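User: I'd like to go through the cysteines and aromatic rings in this one. Can you take my questions one at a time?

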Amino acid sequence: MIQRNESSKPPIVVLTGAGISKESGLDTFRDEDGIWAKVNIDDVATPGGFRRNPTVVYEFYNMRRSGLNDPGVAPNAAHLALARLEQEWPGEVLIVTQNIDDLHERAGSTRLIHMHGELLKARCQSCEAIRVWTERLTAEDACPACGQSGQLRPHIVWFGEMPLAMDEIYEALGECGLFVSIGTSGSVYPAAGFVSHVRGRDTTHTVELNLEPSQGASRFTEKLYGPASELVPAFVERVLTRGW
């Protein structure tokens with residue numbers, strides 16, 4: 001339950017997807033030239049694929065981890081604007097991201113849920129310990145917590161697995177006064193259903209900020225389209241100066 005004093009403003013929940021990181025040099029998943037057009041989902045993003053050929057899965061995420069650590073990849077103006085929103089809004093701001101990169105953290109956001117996991121972490125299938133992991137990950141690596149080898153996997157939610165922290169997310173959605181979706185396709189559930197979860201309440205305003213209309217665009221009260229690095233800073237400025 002969110003605790004507020006009488007002077008605080010209504011809570012804000014922001015959902016972000018791959019579109020917010022595209023201008024930072026990271027590939028999206030569902031564009032015509034996106035990640036899923038280049039690999040077989042069943043091979044690299046399912047529990048079955050990991051059981052069949054863990055080496056392929058390790059190498060896929062090792063390549064992505066290497067790309068994320070490239071010096072040219074950095075938070076863009078949209079990430080920085082959301083960090084500013086959290087710092088300056090006189091109420092709660094929660095970012096729920098479908099992204100597995102760390103660009104929100106690098107920008108300065110602190111209240112954040114990675115519902116699909118994090119690329120720079122590994123999880124032990126034996127003891128469930130989760131550790132920061134910035135280097136290559138292989139089947140030979142031992143879990144720092146329990147010492148077992150061959151049990152570490154990328155801390156990623158694969159297809160067929162439950163996204164993380166759903167109870168916390170739905171609690172925040174149930175209390176927010178503003179719900180904003182940024183850079184999402186509107187096709188991946190449960191995230192695509194968040195707007196429907198809040199739209200029935202007269203007290204919640206819903207906004208889509210996207211390069212183009214998502215599959216769920218009709219469910220939003222307000223829609224703004226263009227590059228995230230332009231839309232998000234302008235929208236944050238509006239919210240901080242005159243609300244929504």
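User: Is W158 buried or exposed?

Analyst: Quick note before that: this is a predicted model, where local features need pLDDT of at least 70, side-chain atom pairs count only at pLDDT 80 or more, and totals for chains, interfaces and linings use all residues. Residues are numbered from 1 along each chain as its sequence is written, and side-chain values use heavy atoms, with hydrogens and water left out. Buried means under 20% relative accessible area, exposed over 50%, and partly exposed in between (1.4 Å probe, protein chains only). W158 comes in at 3% relative accessibility, so the verdict is buried.

User: Which residue lies over the face of W158?

Analyst: For a charge to sit over a ring, NZ of Lys or CZ of Arg has to be within 6 Å of the ring centre and within 35 degrees of the ring normal. At 3.8 Å from the ring centre of W158, the residue is R153.

User: What kind of aromatic pair do F50 and W158 form?

Analyst: Rings of Phe, Tyr and Trp (its six-membered ring) pair if their centres lie within 6.5 Å; planes under 30 degrees apart are stacked, over 60 edge-to-face, and the rest tilted. F50 and W158 sit 5.3 Å centre to centre with 45 degrees between the planes, which makes the pair tilted.

User: How many disulfides does the structure hold?

Analyst: A disulfide here is a pair of cysteine sulfur atoms within 2.5 Å. The sulfur of C146 has its closest cysteine sulfur, in C124, 3.8 Å away, so that's too far for a bond. For C124, the nearest cysteine sulfur is that of C143, at 3.7 Å. The disulfide count is zero.
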